[in-house]
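Biologist: I should like to request a close look at a single part of this model. Please take the parts in turn and keep the account connected.

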Amino acid sequence: MSTAAGQLSDLGRTRVQPARAGAQQSRWSHMLYVAPFLFLYAALLVYPLFAGFWLSLHKADLFGGRRFVGFENFERLSNDQVFLGAVGNTFYFIVLTVPALAIIGLGLALALNRQTRTAAVLRGVFFSSSVLSVTIVTLLWKVVFAPEGGFLANLLEAFGRPPIAFLSSAELALPAIAITTIWWCIGLPMMLFLAALQQVPRELYEAAALDNAGRWKTLWHVTLPSIRRTFALVLIIEVVLQFQLFGQAYLMTQGGPNNASRPMVLFLFEVGFTRWDVGYAVAAGQILFGFIAIAAFAQYLVARRKEAF
Amino acid sequence: MRTQLASGAVGRAFGDRLILAATIALAIVMVIPMLWAVGLSLKTNQELLVDTQSVLKAPWTLINYYDILIGSGVFRWLLNSIIVSTGMSLGVLVLSSLAGYGFARLEFPGRNVIFVLVLFGLAIPEQAVILVRHQLFSDLDLHNTYAGLMLPGMSAPFGVFLMTQYFKAIPTEIDEAAMLDNASRFKIFWRVLLPMTLPAQATLGIFTFLHAWNDYWWPMVSGTNQQMYTLTVGIASTQQNFAESAGLGYLMAQAVFASLPVLIVYMFFQKYIVRAVSGAAT
């Protein structure tokens, strides 16, 4: 009995049954467990991805008319000022949001990493916006930013200042969307940092306390070095998330004024779903995919290096 | 020495207070947009046209909520959201559990290669496939159906990845013991292992539900018939014509009403929701 068990574990954790007659047949039947998912995965993710590669080499419209044009779509993209502006806007948006999300998230996590009732309630408040949908979030912030009767306009008026039209200003539209986004998304980085802070070994703090290290010294020499990996992970996760900015810009500014707040995904949406220049939109999608794949690979590398980091 | 320690402790307590005060101030800033919307929803549309500062002063009214109750698409959208989110979550749980068990425990030709190919899918953003997917659903006549709204979410590989990891973490001795009792493969999966994965099921279920509930792009381009709007799409449709729409107070009441279900669920299941969202991200 015990030897049989030993042999089994030698075969690896996946094969728990000794080989027997007809095992080959039953192995094929094992595929039935993964087949339903694989079917959907192949039909709705893999096929559209590869069909997209192919489609991006065509001039194609909604009605199925298509003509092979090689890399013409990509060439057109590289000269399209609206697309290049959208790429620039996307990166600018990432600069506006990702560092702020990481730093505010870390600050909140440090302040709220305690087991009091107040801290629990405050954690709940800061995460609550994360469960709202993008359409609610934009509705709330539109009536905060509105120059006529908006919350900020009222506040400015109370100080005797004229209202500011945040969402119709080329300089302020994207920062306003960034503030909305930080408000919406702050819960996730805070929670990830809180989880990391829980993992810092108690002994390190005890040792620091014995050395009479103050608050800042402990933070700088004990806490922050222990959560470096989480910090990198949060930055990458947020880059991937904020790269996909769409709903906020679509609903708050429609990309305007004068393309000042149009991100890549909104460009893709407009070209694909309102101008129906499908081949061109898919080509833009490939470039987006390239950027996100790089970030996802970086995430994989960081997540894998659990100890080394 | 002793006095030094004491003064350090006092300084620490004072610093703690200061940090707490700053955090509370930030929390107030955090809830201002929500309170502002609630305030606006308690005023008549006519009054808000003149001046929104009146929000701070009585009288308040529930007329906007009454208007929603007697005639609004909100209930239909709410129902659609519940159907789509529940259906998608159940679908993901079933498919991911089966596939996770298959990848973690069973041998079949090409298993490792297939698993790696599924992992690659984690890096494919929706935006890269949505156009072809949209055409595919047109060809299959799936737009404006519940299946059409649910199926794309079920093709995402995240759940399979999560469940595979979870099944792998269960010691194989448990299968072996059940095997000795002559239990069939499916019985081992269904009766023995699946109940052990309940925490992962909860995480995945909540995460999928929230994702489906808040999803915007796909339901907007697939469920274009007003009867098939989800809550998220429906609320968006009302703000497109922001100025000439039913009125600010009514719009805000609709937004508050639409946020209530998810906020109430959040209040009761906060711990699980937070765990699901942050667990899914890493």
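Into which domains is chain B divided? Please then examine closely how helix 4 of chain B packs with helix 8 of chain B.

Modeller: The model is predicted, and what follows should be read on that footing. Chain B is divided into domain 1, covering 2–66, and domain 2, covering 73–240. Between the C-alpha centres of domain 1 of chain B and domain 2 of chain B the distance is 39 Å.

The helix pair that you ask about consists of helix 4 of chain B, residues 74–105, and helix 8 of chain B, residues 158–169. In general, the packing of two helices is described by the angle between their axes and the distance between those axes. Here the angle is about 50 degrees and the axes are 7 Å apart. Angles of 65 to 115 degrees would count as roughly perpendicular and those under 35 degrees as roughly parallel, so helix 4 of chain B is oblique to helix 8 of chain B. The crossing of helix 4 of chain B with helix 8 of chain B is right-handed.

On the side of helix 4 of chain B, the contact is formed by B:Val92, B:Ser96, B:Ser97, B:Ala99, B:Gly100, B:Tyr101, B:Phe103, B:Ala104 and B:Arg105. Their counterparts in helix 8 of chain B are B:Gly159, B:Val160, B:Leu162, B:Met163, B:Thr164, B:Tyr166, B:Phe167 and B:Lys168. By class, the residues of this contact between helix 4 of chain B and helix 8 of chain B comprise 10 nonpolar, 5 polar and 2 charged.

Chain A offers a pair to set beside this one. Helix 4 of chain A (residues 81–112) packs with helix 9 of chain A (residues 187–199) at an angle of about 50 degrees, the axes being 8 Å apart. Helix 4 of chain A is therefore oblique to helix 9 of chain A, and it passes helix 9 of chain A in a right-handed crossing. Among the residues that meet there are A:Leu101 and A:Gly105 in helix 4 of chain A, and A:Pro189 and A:Phe193 in helix 9 of chain A. The residues of this contact in chain A divide into 10 nonpolar, 1 polar and no charged.

Finally, the two chains touch each other, with 77 residues from chain B and 74 residues from chain A taking part. Helix 1 of chain B (residues 2–41) gives the largest share of the side of chain B that touches chain A, namely 14 residues. That side of chain B has 54 nonpolar, 17 polar and 6 charged residues.

Methods: Residues are numbered from 1 along each chain as its sequence is written. Chains are lettered from A and ligands numbered from 1 in the order in which they are written. This is a predicted model: local features need pLDDT of at least 70, side-chain atom pairs count only at pLDDT 80 or more; totals for chains, interfaces and linings use all residues. Axes are lines fitted to C-alpha atoms, for helices over the stretch in contact, and angles run from 0 to 180 degrees between N-to-C directions. Helices (H or I, at least four residues) and strands (E, at least two) are DSSP runs, numbered from the N terminus. Angles under 35 degrees count as roughly parallel, over 145 as roughly antiparallel, 65 to 115 as roughly perpendicular and the rest as oblique. A crossing is left-handed if the near helix is turned anticlockwise from the far one by less than a right angle, and right-handed if clockwise. Two residues are in contact if their C-beta atoms, placed from the backbone, lie within 7 Å. Ala, Val, Leu, Ile, Met, Phe, Trp, Tyr, Cys and Pro count as nonpolar, Asp, Glu, Lys and Arg as charged, and the others, Gly among them, as polar. Domain bounds come from an automatic or database domain assignment.
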